[in-house]
Amino acid sequence: MKTINYNLFQLFILFVSVHGIIFSLAVFLAKKHRSKSSVYLGLTVLFISISNIQHMLIDINFFSETSIVRNTYIPWQWLVAPMFYLFAHYFLNKKKIKKKHLFYLIGPFIIITAIHGGQFLYQQYLNPQYIITKYYERGLFLYTNLISFVQTPAIIYLMYTIVLKFENLFDNENTLRKIKKEINWLKYIIHFGAAIAAIGTFSAIIGIILDMKQSFYAYPFFISISVWVYWIGYIGIRRSSSHLEIKKINNLSSYQNKGMATFEKINQHIILKKVYLNHNINRDTIAENFEISNGYLSQLINTHTEGNFNDYINKLRVEHSKKILLDSQYNSYTIESIGLECGFKSKSNFYSAFKKFTNQTPNQYKKNKISSESLT
């Protein structure tokens, strides 16, 4: 009679793996959270879970020595990194992945599955004396598993370059800050995945070198990847709508880039011709001059200066007044006269604007500047 042997570690891994399958099914069936990226995230968790269950059922002696499952051993772990890569690709980039790239990702799984199946058929029909080694012994299963840990870091590296390239698309510091806020969690998952791949590689090397023929040396890898499953599930649900937020930020960034050229024309016109010195300057005049609406002009000013039209004009006036305050040619001018010279309609308007942008009054600014210059 077949004896099934198990311990708490194996039960924990099986328990988490079953939860992983349930999570995957929930992702596939939930319309609210479903997207192309979330489907691949679900597939990542699904293949991790199936792989872990297969390993543990073999480990606890659930399958007989002659079982097809045991002797063919479908290498589900070869699909984990590709599915995770596709998740990152579609999360950040909605472009369809090229077929040749898809083959590079999925091809190794197909090849290794064929090799494992071929080994089984060779034993069954050509050489009954051929011995198929157990999973944790030196042999085909362990060697191909080690090779998978070569593929995984390569894919993780490609994923990280995707994230960095995506960040480099945004020059605007404010936009980049928002984007990083939405994708930092993906970096953390990638880092954790890289650490798990390192643990798995180390475990496989130890198994081959020492020929341990035991499963316990691989438990750190299986336990860490089980924790990763829980983390992906938790983060995946919480961040299921992040791709929509990224799309909004993307659209806003495109809008900002399109408006930048128009704003630059307006900005150069106002600065080079010193239009801001005109007491009667207003949005209507500028908008009409550039054949745009008053509202669109306000949007351009708000987007590219992070202030309204009055702040934009008054800041230019204050910068101009700083030069005049330190110019000896204007020593005979009163503060009110300098304010009027710079486009302000009254002394109070000049004082309040100057204080707003420098945290000093015009007199304080002049006094501090003269004092600092005398010291140098």
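**Aromatic pairs, salt bridges and surface of a predicted helical chain**

F344 and F350 are both buried, a class that requires under 20% relative accessible area, with exposed set at over 50% and partly exposed in between (1.4 Å probe, protein chains only). The model is predicted, and local features therefore need pLDDT of at least 70, side-chain atom pairs count only at pLDDT 80 or more, and totals for chains, interfaces and linings use all residues. Residues are numbered from 1 along each chain as its sequence is written, and side-chain values use heavy atoms, with hydrogens and water left out.

Rings of Phe, Tyr and Trp (its six-membered ring) are paired if their centres lie within 6.5 Å; planes under 30 degrees apart count as stacked, over 60 as edge-to-face and the rest as tilted. By this rule, 20 aromatic pairs are counted. In one of them, Y330 and Y333 meet edge-to-face, 5.0 Å centre to centre and with 70° between the planes. Y333 is partly exposed, at a relative accessible area of 36%. The F344 and F350 rings form a tilted pair, because their planes stand at 40° with the centres 5.2 Å apart. The face of F344 is also covered by R317, at 5.6 Å from the ring centre; for such a placement, NZ of Lys or CZ of Arg must be within 6 Å of the ring centre and within 35 degrees of the ring normal. Elsewhere, F84, F87, F91, W185 and W228 are linked into a cluster by ring pairs.

A salt bridge is a side-chain nitrogen of Lys or Arg within 4 Å of a carboxyl oxygen of Asp or Glu, and 2 salt bridges are found by this rule. D311 is joined to K356, with 2.7 Å between the closest N and O atoms. This pair links distant parts of the chain, 45 residues apart: D311 lies in helix α12 (residues 309-325) and K356 in helix α14 (residues 347-358). Helices are DSSP runs (H or I, at least four residues), as are strands (E, at least two), numbered from the N terminus. K356 counts as exposed because its relative accessibility is 51%. The salt bridge of E319 with K322 has its closest N and O atoms 3.2 Å apart. Both residues belong to helix α12, 3 residues apart, or about one turn of the helix. E319 is partly exposed at 39% relative accessibility, whereas K322 is buried at 18%.

Across the chain, 15 helices and 0 strands are assigned, and buried residues make up 44% of the 376 residues.
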